[in-house]
Each structure stands twice: as C-alpha cells, then as structure tokens.
Amino acid sequence: MVEDRELIAARAGLSAEEQVGLEDLENREWTQSLEYVLKTAGRDRVAQLMEMLENYAYRHGVVIHDKVNTPYVNTIPVEDQPAYPGDMEMEQRVANILRWNTIAIVQQANKKADGVGGHISTYASIAELMEMGFNHFFRGQDTDPSGLDHDKVFFQGHMSPGVYGRSFLEGRFSAEDLGKFRRELLGGPGRGLSSYPHPWLMPDYWEFPTVSMGLGPLQAIYQARFLRYLEDRGLRPRSDAKIWAFLGDGEQDEVETLGGLRVAASEELDNLIFVINANLQRLDGPVRGNSKVIQELESIYRGNGWNVIKLVWGSAWDDLFARDTEGVLLERMERLVDGESQRYAAYGAKELREKFFNTPELQKLIEGLDDDDLDRLTLSRGGHDKHKIYTAYKAAADHRGSPTVIIARSVKGYGLGPTAQAKNVAHQVKKLTLDDLREARDFLGIPVSDEDLEKTPFYHPGPDSPEVRYMLSRRKALGGLIPERRVRDYKLNTPDAAFFEEFLAGSGGREISTTMAFVRILTKLVRHPEVGKYVVPIVPDEARTFGMEGVISSVGIYSPKGQLYTPVDAGTVTVYRESETGQLLQEGINEAGAMSSFIAAGTAYANFGVPTIPFYIYYSMFGLQRVGDLVWAAGDQRTKGFMLGATAGRTTLNGEGLQHEDGHSHVQALPVPNMPAYDPAFAYELATILQDGLKRMYHDGEDIFYYITLMNENYIQPAMPEPREATREGILRGMYLFKKSELKKPKARVQLLGSGTILNEVIKASEMLEKDYGIAADVWSVTSYKALYFDAIETARANRLNPTAKAKTPYAAQCLNPTEGPIVAASDYMKVLPDAISGYLARPIHTLGTDGYGRSETREALRDFFEVDAKSVVVAALSSLRAEGKVNANAITEAIKKLGIDPKREQPHKR
C-alpha cells in the first residue's frame, strides 16, 4: 500500500502534458497487448481477460458502470459477415414490389371508403427484415413429414398489408381479395382481409394476434417456453424450431413487452428470436428524440440476460468506419440522438454534410463524396442492408444458451417519398399524393404509367416471372408458404359421466368447497389414461392457497433445470418437487405470464399439433380484470381450456378486502363471444360443466374456452338432483329447478334464483319464507347468466328476422314464464348480471347483487352489508309480493325490523 501511495504521489507530480503522454502510452500498451491476445488466442480469451480484470478492479473498489452498452455500431464486424446465399438483386426487387403493393392496398381501400385506415410506413421500414426471413429462415409446416419441426412468426401488426401483398404474388390471394382489405363484410362474411393478424377472422392464415401492442412479445416468450415444455415432457419430438417475433421500437414502451424478458433468459430459451424494427418513430414522433432508443434497448435486454445483436449501419458506412483510425466517427455517433438522426433520413445530403460531419476531422472523412453518396449514407441503415441482416439472423439462429434480440435500425416510410419518409406523420399516412406516388414508383422501380398512377394499381409481375419463381422456390426449400394456421386431427376420447360419478353423488355430509372439489377432479384427470398426459395445470404462486400441494408433489413443477437443491419439505407427502418433466406450470406472482402460458397451452393443438388442456387457476379478481386484453387475445386465437377464478365472489373471500374481492368478473366475461362463463354452486354442477367442456373442445373440436368461478367456502355438497339428465341440461344451458316448494296451501309463491355460494343464502331464505311467512319459494340454481343471455338474444333475433315463423321462447323464459309469483335473483356479483335477462321474461327480475368495493370482514357481515344474505332475499321477496297485493306494507316493515335491517343505511355501492 505504501508503494501504491508513492506511485500515486509521483504521478500527481507530473505536468498536465506529461500526464496525457503517460496515459497515451498506457493506452497503446494495453491495446497492443489485447490485440496480440486477440490475434493469437481469439475473442473468447480476450473476454476472459477482460472479465478477470473487471473482477480485480471490483475487488479493489473500482466499479465499472453502464457495462450493458456497447458502442453505437453493428455488433458483428464486417470481417465476420458470411457469404450471402441468395440473389440480393432479386430479393430487393421483390421487397420493392411488396412495398408498392402495400401502398396500393391501403390507398385503394381508403379511396373506396374514406376512413377505413391502414398503415404503409411500417412495412416500408421492415420489408428487408421480413424478406430475409421469408427467403432464408422461416421454416414452413412441410419441413418434415410430421409438420411439427417448423418456425412460428409473430408479425408486427401494422405491417399486415405487406404480408397480404406477398401472398398475392404467391397466388394465395387475388387482386379482388386485396381490394377487400379492411372490408371483411364486402361480398359476405369471411371474404375480406382483416386489418391486422386475427386468427378468429382468418383461421387458416394468421396464427397470432399482435396489434394490441406488448401482447405479442409476451406471448412469444411463453410460446417458446411452452415448446420446450412439450419437448421436455416427451409430448413433441425435439427440434430446432424457432419462435420469431417482429416488434416495433415504440412497442417496447409497453410494460408487457419487457415484462417476460427475465423468464426467457432464466429458462435459456435459445429457440426465441426477437427482431425489433427500430425505425426510431412511434405514432406521434420520435420514440426517443433526445437519446438513442437502440442503446436503451440494448442495455435492457443485455441486463436481462439476452444475446443482443445490434444492426445499426448499412454497408455504405463500412468504408468510413475503416478510414476512421482516430475514432472520431464513432465519437460522433455516440453524441448522435434519434431526433437528429431522423432529420438526416428526411432531408438528405445537405443536412448530413452540415450538421453531422461538422468538424474538420469528420469533414476529412467524407472528402470526395458528392451529395448522391451522402444521400445513400442517410438511408444506409442496418435494417435495410440484406447482407448485414443475413449475418445477424444467422448468428441468432446459431446462438445457444439464451434468447436473442436483433435491434435493427431502419427508416420509417422508407421509399415512400417526401410526405412520409422519416416524417412524424408517417404512421398516419393512408394516401400518398401524386408526386409521392411518382417518386415511390421511380424509387421502387415499378412499371406503372403516369396515367395509371392515380389508380395506384396492384402490381404482379406474372406467375411465371423470375420474381415469383424465386419467391416460391425459396419457400419450397423452407417448407411451404407462411403464414399458415394448420389444425391437425386431435379428437380425444374425453372422460364420460362415469368418470365424474363420485362428484355427482355429493360429499356424504362433509363440508368441502368447490375449489377443493376441482382439485380432486384435477388430481383424477391427470391420471386419466388418454387425456391425463395432456392436462396442463397452471397456477401463479397460489397453489397452496387453493389446496394444490398434493398436485405439486404428484405431477411436479416444470423446470428445464430440474431440481438442483433438496427442498426443505423433502420427505413429506406435499414435497415441493421441481422436475424437467414436471406437468404443472408454476408462474410465480405473474398473472400476465400465466395467462400467456394458458394461451400457449390452449393453442398448442393448432400451433404444435399437441392438444394440451390447460387448467389455469387463480384468484378470480386477478383474472379478467387484470389481464382482460390477454383474455380477448385468447379468444381471437381460438384458445381452448379452462380459466378457473378461485376464491370468487365479492363476499366469499372474507378478510382480504377491496383489492381481492371479485364481484364483477362474470360481467367482464360477457363481451368475449367464445368464452362460456359459469358460476357453479355445487361439485356436481362443476363436474358436469368440466365433462361437457372437455367434450366440446377436445372431442367435438369447438373453438371455445371456459371461465368458471370457484369458491373457498366449505359447505355440504348435495347429490345431483333427479332426473339427472334434466338437471344436466339445465346446468349447461344456464339454470334448473333445484328445489320446488312443497308447502301446502301457501299464501303466495315466489321464484328465487341463486348462483354460486349465494345459492345457499337463497335456500335459507326459501326456508324462512315458508316457515315464518307461509310463502312457497321455489329455488332455481343459475349456473350461467351469460348462457341465458346469449340464448335470449339469439332467440330474439330469430323471432325478429322470421316474422312468419312460430315465435321461439328463450330458455330462461321456458323455465320461468310458466311459474307463479315474482322472481328474485341474488348472486355474489353485480346486479346487472341477472338484469341482463330480465327483459326477455314475462315479468321482471328483482335483483340483489354486490355492486361496490369489497371490505375486510366476515362472510356474514359482508353479505349483510351488500344485502345478499338470506334475510335480504326474504325482504326482497316480500317487497315484490306487495306489488301483486299478496303482502301489505306493514308486514314488510315488521319483517325489516324483525330481521334487523336498517332501511336508512347508505347504499353499499356508494360506501
């Protein structure tokens, strides 16, 4: 240490010039040493030395900050670029034709119907990136006899016209088809082209909906992870299949985009490749005008353990970098901000010469370059340079051990003329002026005459043209045309009623919850000889809450690394067991990730040829409310499976309070057309729904998925009422008569509707009405207001459009119209849920529900507070009978007082 202090003191005694000279000498010595090691031992040895030096420095108190960034140049140097395997000129010709047809698709659509919309600038910026995949990397579904060893591509949503344009050249779409872009009802439903990738609307074409930005990247991660899950469990042969996701740089601001990066890296998903189209612009202007988004993204991805390949500059810059022996160009690049860079792409040579090459040293670098040379520099971005793109893609495909992100710099609106190219308005441009069209035509080399420009015709060089022959030959070599959604036969022999018999027979006097009943059904299902191996339990770190410890120990938690430790509960029957072949996906505190796994498992029948059956169980409050956009995406891509909202209902999850108590998920379930929603009260109802759902989805092939609420409240589970077949039909259609009153000579009669755990309160109310007031109360179990509502609106439409036919009656009306007395409905959900069917009945429904925020309390207190307990049902029944003259006001007042209800209490939904 004394020697160190003496050295420091001696150094401090040097003059400023001597200090600089000493530092220069040290820099040269270190650089020469590294250069020697690089030449003699290679890059890996240099990396080892650098890591060793960093560790040494850290031990001595030196911290190197911002190490997650590399210089603002291409990651792969020129000397490492492999030979290019294709015809660059032909591929550029095809890309330019596709750019033109993208313009034509959107321009024609908006001329036919102003305001239809569409986007041309995104595809203009991504054309070369996409064509590289189409021509050299994306493997189609004919790659091998099984059709399983193929790639999956998440297309950037706004570039859909470019994909349609490619399919046009390939012969998959006609000019008439292109003319129906965003006109899906033109010529009949299903005949047009959807605005963005939508599998629900184009089920043989698109695979993944991506334009709700942020959801594509997140789902791509979990699709890659689920592919590994299938392979590790032996449900699919191992392959080199890749998941490619093409994303926007502005899309990276969505929290969902970056939320799963850690998962991808920790599970070493080297089958996943992100390509970020960094055209530096989002909808309104620059993504990061005052900094560099590429550098920001590099630090985020590298910091999360990804392999990062930057594709910043095109080949036109290579010579300048080679000449820059002093590093002044790189230094200028480091000072560049995206807002400045955007101006160069927009305004060209003059701006670049004056503002970028703004020092004598930089000006010396461009001596001899004219304005045409500088114009080429302004547009020479890595994302438009085919050789550099190929280099990056090949490196990504060959990389092992971690996911890869390629951040490719491009120009938004590339080649579209002065109105759109690199301008802030580029995203919103739907129509180009004649001058823009002329410039774009000339730049792209499209043989369209001046006279035809205004029509903006589609251009097809002909089915036997060199361009089309080249495209088709490349796709044939890679395994067929894409995108393609291909569903293989997967009909399963799903469990019959006998399999569920023990759950139909009741709990034998023991009190259990419907959650516990579900866990028992699940435990039995995973042992089923045919469907058991396909069952995928998914839980976001709440397995113990739901009583699933036994499931964990029996089927194991999936972990690609196995279990590298001895769990603290080793030796117990509920051991926390992780395994490479584990069946359960434990997603941590991560509902969005768990939902993405649900989608991956629920679409595996189409995407991977394996009909896996996901059962995603979670706190009901943290389902549709938290991940509603993903639920919508699940419906779009024809997901199958069961979403199970456990601890459901506003008053059932006592104690947890406002943020945990769900009284609205069934209302939120109404908008999703292909998601049946059920609120079963008893185990036999749940078993009936699960049996029917398995059959409908995995035997009959219906593209639906289920939302089912489960409760954590223990009570005796009754046996399924006879006749079973009638009860079964009622359960599935939405309601059935649970108990008909046998009261002799009643004063009046009411119909009481109950759902979920509140059905127990309704049963109590029926007993009170009969015993204390002499009123017969028939009890109905309503398992699905959504099923009743959909049936009612379908019936109303049929009657409206078929005036000469015999009018049909909605199922709810078939059940209730023939009965006597007013109808009172109570549930643990908002009043609007029963109200949805009220207008389709011969008389109105008087509803009780849980509108408002939850509270931390006992179940009894909560049900009293929200007025859905037995005594509130009694008062509602008495009040509804008053309108029929069966009960007078004094009797109701007396009942309110006797039952301890405060009529002056403020409305629950306002408190």
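Strand 2 (residues 243-248) shows two buried faces in this predicted model. I243, A245 and L247 point one way, while W244, F246 and G248 point the other way. Of its 6 residues, 6 are buried. Buried here means under 20% relative accessible area, exposed means over 50%, and partly exposed lies in between (1.4 Å probe, protein chains only). Strands (E, at least two residues) and helices (H or I, at least four) are DSSP runs, numbered from the N terminus. Residues are numbered from 1 along each chain as its sequence is written. The model being predicted, local features need pLDDT of at least 70 and side-chain atom pairs pLDDT 80 or more, whereas totals for chains, interfaces and linings use all residues; side-chain values use heavy atoms, without hydrogens or water.

Strand 2 has partners in strand 1 and strand 3. Strands pair if DSSP finds at least two bridges between them. Strand 1 (residues 152-154) runs parallel to strand 2 over 3 bridges, with F154 opposite A245. Strand 3 (residues 272-278) also pairs with strand 2 in the parallel sense, over 6 bridges. There, A245 has F274 as its bridge partner.

F274 recurs in the largest nonpolar core. This core has 193 residues, and F274, F357 and F615 have the most contacts inside it. A nonpolar core is a set of buried Ala, Val, Leu, Ile, Met, Phe, Trp, Tyr and Cys residues joined through side-chain atoms within 4.5 Å. Helix 8 (residues 215-232) contributes the most, with 10 residues. Another core, of 65 residues, lies apart from it and includes I97, Y123, W244 and Y390. F357 touches residues including W317, L320, L329 and I366, leaving aside those up to four places away in sequence. Contact means heavy atoms within 4.5 Å.

Aromatic pairs number 47. Rings of Phe, Tyr and Trp (its six-membered ring) pair if their centres lie within 6.5 Å; planes under 30 degrees apart are stacked, over 60 edge-to-face, and the rest tilted. Y164 and F173 are edge-to-face, because their planes stand at 70 degrees, with centres 5.9 Å apart. Y164 is buried at a relative accessible area of 0%. F173 is buried too, at 15%. W244 and Y393 form a tilted pair, 5.2 Å centre to centre and 50 degrees between planes. This pair joins strand 2 to helix 18 (residues 386-398), across 149 residues. Both W244 and Y393 are buried.

Further along the chain, 6 strands form an open sheet with parallel pairing, in the order 10-7-11-12-14-13. Strand 10 (585-586) and strand 13 (677-678) are its edges, each pairing on one side only. Strand 7 (residues 535-539) and strand 11 (residues 613-619) share 4 bridges. V536 is bridged to P614 in strand 11. Helix 22 (residues 514-525) lies across strand 7, strand 11 and strand 12 (641-646), at about 155 degrees to strand 11. Axes are lines fitted to C-alpha atoms, for helices over the stretch in contact, and angles run from 0 to 180 degrees between N-to-C directions.

A mixed open sheet of 5 strands has the order 16-18-17-19-20. Strand 16 (735-739) and strand 20 (845-848) each have a single partner strand, so one side of each lacks a neighbour in the sheet. Neighbouring strands are turned by 30 degrees on average, direction ignored. Strand 19 (residues 823-826) pairs with strand 20 in the parallel sense over 4 bridges. V824 has H846 as its bridge partner in strand 20.
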